[in-house]
Each structure stands twice: as C-alpha cells, then as structure tokens.
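User: Please take a close look at one part of this model for me, the paired strands and what surrounds them. I'd like a connected account that I can follow with the structure open beside me.

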Amino acid sequence: MEISIDFDGTLCPDAVEHDEPASPPHPAAVRLLRSLHADGHRITVLSSRAHGSMEGGWRWRHAVRVIRRYLEDHGIPHDVICPVRPPYDVSIDRRAAGGDWSRDALRRLRRLLVRHGVGGGAGAR
C-alpha cells in the first residue's frame with residue numbers, strides 16, 4: 001500500500017520549512033513508520049520546501065538532502081521524498097491529525113489503517 005506522510009509539522013515537529021529541523025520526531029511516529037515499512041508498505045515523505053522562497057532561493061536538491069539526513073539520523077524508513085502529493089492509499093498530514101501523536105490518536109489511526117487493509121501491527125505500542 002502507498003502511504004504518504006507530510007514532513008514539516010507532521011513527521012518533523014518543526015513547521016518552519018526553510019530551516020534545518022531542530023526537533024526530533026515523535027517516537028510514536030517513528031515506530032509507526034517502521035512498522036508500516038516492515039509490513040511491506042511503501043512510504044513517501046512529502047515536502048513543499050522546494051516551493052517556498054528564501055533569500056538566495058530554495059532548491060529542491062538541498063531540501064531533499066536536509067530531509068534525507070533527518071530521516072537517516074532518526075532511523076525513519078522511507079522509499080521516496082517527493083515535492084508533490086503522489087497517488088496514495090493513506091495520507092498522514094498535520095492538517096488532518098493536528099500533529100497529534102498521542103496514544104489515543106495512534107489507536108484511531110491504527111483502526112483506520114486496519115479498515116483500509118494495512119496490517120493490524122502498525123501503530124502505537
């Protein structure tokens with residue numbers, strides 16, 4: 001299954017799209033993505049960093065390097081880093097989740113994933 005997750009403000013708590021991320025991801029988010037990836041699901045990390053502007057310009061290659069380094073530093077599995085929302089089966093985004101990685105929010109997400117046929121093992125533990 002194709003699962004997309006927004007980077008700024010969702011996976012990475014820092015919602016500032018033009019700076020180096022300073023905050024670590026919520027541990028429950030990391031566990032969720034590791035579980036989904038281990039179950040064979042494809043993880044796409046989305047970012048609109050290339051679409052913003054900053055002094056000197058913001059380049060997609062630089063954004064990918066920043067995001068990839070963050071993902072690797074925190075052991076977050078991913079298959080693709082993408083500047084646009086590709087076709088997906090499940091999307092995780094702060095606008096829908098409110099950046100809520102609480103145990104209750106993860107239970108709701110796990111029920112939703114199971115309802116959509118994404119294994120029963122994904123979620124908070």
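Analyst: **The paired strands and their surroundings**

In the protein chain, 71% of the contacts with a separation of 6 or more are between residues 24 or more positions apart, where contact means heavy atoms within 4.5 Å. Before we zoom in, note that this is a predicted model, in which local features need pLDDT of at least 70, side-chain atom pairs count only at pLDDT 80 or more, and totals for chains, interfaces and linings use all residues. Residues are numbered from 1 along each chain as its sequence is written, and side-chain values use heavy atoms, with hydrogens and water left out.

To get oriented, the protein chain holds 4 helices and 4 strands, taken as DSSP runs (H or I of at least four residues for helices, E of at least two for strands) and numbered from the N terminus. Following the sequence, you meet them in the pattern β-α-β-α-β-β-α-α. Of the 125 residues in the chain, 40% count as buried; the cut-offs are under 20% relative accessible area for buried, over 50% for exposed and anything in between for partly exposed, with a 1.4 Å probe and protein chains only.

Now for S2, a good place to start. It is mostly covered, with 4 of its 5 residues buried. S1 runs parallel to S2, joined to it by 5 bridges, and strands are said to pair when DSSP finds at least two bridges between them. Within this pair, Ile43 in S2 has Ile3 opposite it. S2 also pairs with strand S3 (residues 80–82), again in the parallel sense, over 3 bridges. There, Val45 has Ile81 of S3 as its bridge partner. As a general aid when you look along a strand, side chains in a regular strand alternate between the two faces of the sheet.

S1 and S2 are linked through side chains as well. Arg42 and Glu2 form a salt bridge at 3.3 Å, N to O, the term meaning a side-chain nitrogen of Lys or Arg within 4 Å of a carboxyl oxygen of Asp or Glu. Arg42 belongs to strand S2 (residues 42–46) and Glu2 to strand S1 (residues 2–6), so this pair ties together parts that are 40 residues apart in sequence. Both partners are partly exposed: Arg42 has a relative accessible area of 36%, and Glu2 has 28%.

His41 sits in the loop between H1 and S2. With 10% relative accessibility, His41 counts as buried. A polar atom of its side chain is 3.3 Å from the backbone nitrogen of Met1.

What lies around the strands? The largest nonpolar core has 20 residues, of which Phe7, Leu11 and Leu71 touch the most other members; such a core is a set of buried Ala, Val, Leu, Ile, Met, Phe, Trp, Tyr and Cys residues joined through side-chain atoms within 4.5 Å. S1, H1, S2 and H2 are the elements that give two or more residues to this core, and H1 supplies the largest share, 5 residues. In soluble globular proteins, nonpolar side chains tend to be buried together. Setting aside neighbours within four places in sequence, Phe7 has contacts that include Val45, Leu46, Ile67 and Leu71, along with Cys12.

Cys12 is buried, at 0% relative accessibility, and Cys82 is buried too, with a relative accessible area of 14%. A search of the whole structure finds 0 disulfides, that is, pairs of cysteine sulfur atoms within 2.5 Å.

Cys12 also leads us to Ser23, in the loop between S1 and H1. Beyond neighbours within four places in sequence, Ser23 is in contact with Cys12, Pro13, Asp14 and Tyr70. Ser23 and Pro13 are 10 residues apart in sequence, with 6.2 Å between their C-alpha atoms. Ser23 is partly exposed, with a relative accessible area of 24%.

That loop takes part in another salt bridge, between Glu20 and Arg69 (3.1 Å, N to O). Arg69 lies in helix H2 (residues 60–73) and Glu20 in the loop between S1 and helix H1 (27–38), so the pair ties together parts that are 49 residues apart in sequence. Arg69 is partly exposed at 39% relative accessible area, as is Glu20 at 45%. The search of the whole structure finds 2 salt bridges.

Methods: Polar contact = N/O pair within 3.5 Å; in protein donor to acceptor, adjacent residues only side chain to side chain.
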